[in-house]
Amino acid sequence: MNDSSEARAVFQHRPKDECGVFAVFGHPHAAEITFFGLYALQHRGQESAGIVVADEKNRKFKSHHGMGLVPQVFNDKEIAKLPGTRAIGHVRYSTTGSSTLENAQPIVVDCARGQIAVGHNGNLVNATQLRDELEATGAIFKTTVDSEVILHLMAQPSANSGDSSLIQSLCKVKGAFSLVLLSEREVVGVRDSLGFRPLCIGMVDGAWLLSSESCAFDIIPGAKFVRDVEPGEIVVIDENGLRSFKPFVPKDRLGFCIFEYVYFARPDSMLEGANVSAVRTNMGRELARLHPVEADLVIPVPDSGNYAALGYSEESGIPYDHAFVRNHYVGRTFLNPSQLAREFGVKVKLNIIKARVAGKRVVVVDDSIVRGTTARARVMNLRNAGAKEVHIRISCPPHRHPCHYGIDFPDPKDLIANQLSHQEITKYLQADSLGYLDTAGMVRATGRGENSFCMACFNGKYPVAVNPDLDKLIFERRKGRADSLVFAEETAPRLFNGKL
Ligand code: AMP
């Protein structure tokens, strides 16, 4: 697990991540490759995992889902029960719907159009309204996850026979979606028009691969990264190869989640043409320019602060050291949401090497402050170890707003930056100084323009209209309240005549 997954694993109530998707077309070991792919994407979700394969012989889908980490859900025996050359897989950390087995993805349906399975990364902002409409026409949902509406929309008889049910469905859903779909003949990859969540294409032994992040290709022998699926692109992979469709009117801006660069994605992934570790190092350099300080040592909060701390050290010339030691075996044991357990969890995962910091002025670098628990504990560690000064540097701006596109932050009232002023936060953390990177520096670090990104969790500007009442348990609560969102993509041209 990387830093992000570890932070997520400690407490169930802590801010949560989104999901990871993976797909294979045309490989005799499709399920096994998907298993390895999901293993590499584990940091994107640790609650449940699932793989669906299409059996060549009788075209019947076979699937296995379970709660827990990928190696807890799958073993040799389970993989052997999933024969076939096409597969899709999913790791989930709930962003909509509660954490139960029936909500594990990929979701499979058998409808008039045949069998279809979907794995979804992201969050739909009009799922409640769509679900209400579908239920009014008799649809029976088997999960409480927003992604199921996509399958129900696809399963509906088309008003215009011959239209692609996939395109029709995508015209109706709003929000963030990177999807992998399995039909009886194809594997399909889709990214919403703003490209909130990543999705990329790879190849191995002549077989096509789709993955949330390119790091999954690195661990599959012989696999290579081909390219990102573009925002608004649909890639259809069948016996004729890969075809690309761009049926939607292009947007005048994009909405890639900048927090993928800051924290979520693995540092070894390439996202939108940039290596994540390189972007994080740039963020650290920007941070050093924005908030310089006289100090003896720069240390990261491992692993989330590693690359930003490196950049800070390179730019400032202050030596870099590792004073925190991670316990790599802290996992899902700590599920008690009490404050005591939370603080114990924060302490148990990192220990400090006193001799490295005693008597020193230390700059401690982390990627973000959410509730402030981690940063406060780190300052306490450093003070107890005898550090003379502790300066906190954070490689993104303060978090003030919820994410409606697939990242689970706590209630905005629990975000420390909403409760306290800069000065009060510094005092609460017991730090000598505190410096956050600003939006401009964060964007510069990516090498791309501001219009490329969704930064709603920092600036409250939501690129797709959201229902502020939406939260991840919305379907359990069934407020019965419709969104008032319009479908801007209703005019999309027809593409497929097949089952998708
Ligand atoms: P906190 O202790 O609540 O301030 O959490 C801050 C730590 O949580 C940071 O060090 C991040 O590495 C990590 N983090 C930030 N955002 C998230 C998120 N959405 N899910 C899980 N962990 C996160």
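Over the ring of which residue does the charged end of Arg 376 sit? I looked this up in the predicted model and found the ring of Tyr 428, with the charged end of Arg 376 at 4.4 Å from its centre.

I then examined a second arginine. Arg 448 lies over the face of Phe 453, and I noted 5.1 Å to the ring centre.

Next I turned to ring pairs. I recorded 14 aromatic pairs in the structure. I took up Phe 259 and Phe 409, whose ring centres are 5.5 Å apart; their planes stand at 55 degrees, so I entered the pair as tilted. I located Phe 259 in helix H9 (residues 258-264) and Phe 409 in the loop between strand S21 (389-394) and helix H15 (416-419), so this pair ties together parts that are 150 residues apart in sequence. I noted both Phe 259 and Phe 409 as buried.

I followed Phe 259 to another partner, Phe 458. Their centres are 6.2 Å apart with 75 degrees between the planes, and I entered this aromatic pair as edge-to-face. Phe 458 belongs to helix H18 (residues 456-459) and Phe 259 to helix H9, so the contact ties together parts that are 199 residues apart in sequence.

I checked accessibility for these two rings' residues. Phe 259 has 2% relative accessibility and therefore counts as buried. For Phe 458 I found a relative accessible area of 7%, and this residue is buried as well.

Finally, I traced the ring pairs around Phe 259. They link Phe 259, Tyr 263, Phe 264, Phe 409 and Phe 458 into a cluster.

Definitions and conventions. Residues numbered from 1 in each chain as written. Predicted model: local features only at pLDDT ≥ 70, side-chain atom pairs only at ≥ 80, totals over all residues. Heavy atoms only, no water. Phe/Tyr/Trp six-rings, centres within 6.5 Å; stacked < 30°, edge-to-face > 60°. Helix = DSSP H or I, 4+ residues; strand = E, 2+ residues; numbered from the N terminus. Buried < 20%, exposed > 50% of the residue type's maximum accessible area, 1.4 Å probe, protein only. Lys NZ or Arg CZ within 6 Å of the ring centre and 35° of its normal.
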